[in-house]
Amino acid sequence: MTVPGWFSEAKFGVFIHWGPYSVPAWAEPTGELGAVDPEMWFAHNPYAEWYWNTSQIEGSPAYEHHRTVHGGRPYDDFLDAWQAESFDPADWIELFARAGARYVVATTKHHDGVALWDAPGTGTRNTVHRGPHRDLIADLATAVRARGLRFGAYYSGGLDWYAGRRAVIRHEDLIDDYGRPHEAAYAAYALRQVRDLIDRYRPDVLWNDIGWPDAGMADLPDLFAHYYATVPEGVVNDRWDGAHADYLTSEYQANRQNEAAAHWENCRGIGLSFGFNRNEGPEHLLDPAAAVRLLVDVVSRGGNLLLNVGPKADGTLPGEQRAVLEGIASWTAAHAGAVYATRPLDPGAAMSHDGTPWIRWTRDDDHAYAFLADVPDSARGQVLLKTGPGMLDPATAVRLDGRPVRADAVPDGIVVTSAELGAPLPTVVRFALTTSRSVD
Ligand SMILES: C[C@@H]1N[C@H](CNC(=O)CCc2c[nH]c3ccccc23)[C@@H](O)[C@H](O)[C@@H]1O
């Protein structure tokens, strides 16, 4: 598994889930994937982008909602109801760039089978011919690249509730593999669409989801060869049923074992859903400090964070989600150097800590960066950083936000003394590395 430098240095990407599901924008904020009882998951799915499936499960709250509020209308109506009248891609991307995102991955076709470009085989069932009447992928790719960021394409190869076998997926369906389409006709359909995405938009990340149809597995080596020939610095994720992976992925708390890989990415929504969910309140969303600590934790362990925004059907970003990205942006402005183009500090060189205080580390060639948060008042502004002998020079301690800091060597590490260390937003103290041991 190897990835081009841009991906491992990127550290932070923004995921976008936008589709007809953004019209109802309705799910129960049940909990995080991996922390919800699987028996509950499908009928109470917090993923608003699963609305078509969830609203078909008799007796589920979504079923009731769809019946009473939308009169049980066909899901297809939501494509035409989706107008994206206020969509301004440059505005979105400016915010993502200020928040420090280096790449953006957008849904091109989610499980509902609706394409956000003039995809082959979809006839008029796409956003160019209906609803927004725009090639949303072209609009996003252009705006992302105009801002100097990389553009990735999400494609639901494993599930397609239009073209593939459409089965309402309940928990018990997992035994028959989710109702996934595996036939040759669907495999050809999906292959043609991914090749079209590669040829039209040259996505820097090929982010497939749920796997690939059995009948199409033999097509993948050629597809990847074509992809790398077209996009030499392209990166492929790991959700192709084992066919190939440049890096591994986890999602909320699911598949966290993948975070032991050399290259990995954790994806999650700002709240509990990828598609916009009108039922989510502040209590369901990460606040800026939690989002920054998540980014720092992921980066300190050598991963990337792909944090999702779920735009509204009108093309605006929900205010609460904008606020979180603005919060990340203001912290990143003063601390980018401690995050980007860094790598995990040598194992054993210094201890991370959960709770109070909260401590994480990164390093670049010459410096180590200590991230401190939630230092209790009882600590009176002092924190013991348990570090290995001789790697960091206390005399070189500097706070990246410019505030004064003292650092003194003690037998089992370094005591840092500074005011205002108790914030939930991490404070960063930089140390020169005395032995800049090169880490591969
Ligand atoms: C980004 C989200 N992905 C969901 C599917 N998620 C999963 O299959 C999670 C399981 C998983 C996590 N890491 C993996 C690596 C390889 C194969 C599966 C997984 C989608 O169902 C959801 O709508 C959204 O698009």
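The legends below describe close-up views of a predicted model. Residues are numbered from 1 along each chain as its sequence is written, and side-chain values use heavy atoms, with hydrogens and water left out. Local features need pLDDT of at least 70 and side-chain atom pairs count only at pLDDT 80 or more, whereas totals for chains, interfaces and linings use all residues.

**View 1. The residues around the ligand.** The ligand is surrounded by 18 residues (each with a heavy atom within 4 Å of it), of which His17, Glu49, His111, Asp209 and Glu251 come nearest. Sorted by class, this shell holds 7 nonpolar, 6 polar and 5 charged residues, where Asp, Glu, Lys and Arg count as charged and Gly is among the polar ones.

**View 2. Polar contacts of the ligand.** Three side chains are shown in polar contacts, that is, pairs of N or O atoms within 3.5 Å. In the side chain of Glu251, an N or O atom is 2.8 Å from a nitrogen atom of the ligand, while a polar side-chain atom of Arg239 lies 3.2 Å from a ligand nitrogen atom. Trp50 places a polar side-chain atom 2.9 Å from an oxygen atom of the ligand. Of the 550 Å² of accessible area that the ligand has on its own, the protein covers 84% (Shrake-Rupley method, 1.4 Å probe).

**View 3. A salt bridge between distant parts of the chain.** Glu32 and Arg268 meet through their side chains in a salt bridge, at 3.1 Å from N to O (the rule asks for a side-chain nitrogen of Lys or Arg within 4 Å of a carboxyl oxygen of Asp or Glu). The two residues are 236 residues apart, with Glu32 in the loop between strand S1 (12–16) and helix H2 (38–41) and Arg268 in strand S7 (residues 264–269); helices (H or I, at least four residues) and strands (E, at least two) are DSSP runs, numbered from the N terminus. By this rule, the count of salt bridges comes to 30.

Definitions and conventions. Polar contact = N/O pair within 3.5 Å; in protein donor to acceptor, adjacent residues only side chain to side chain.
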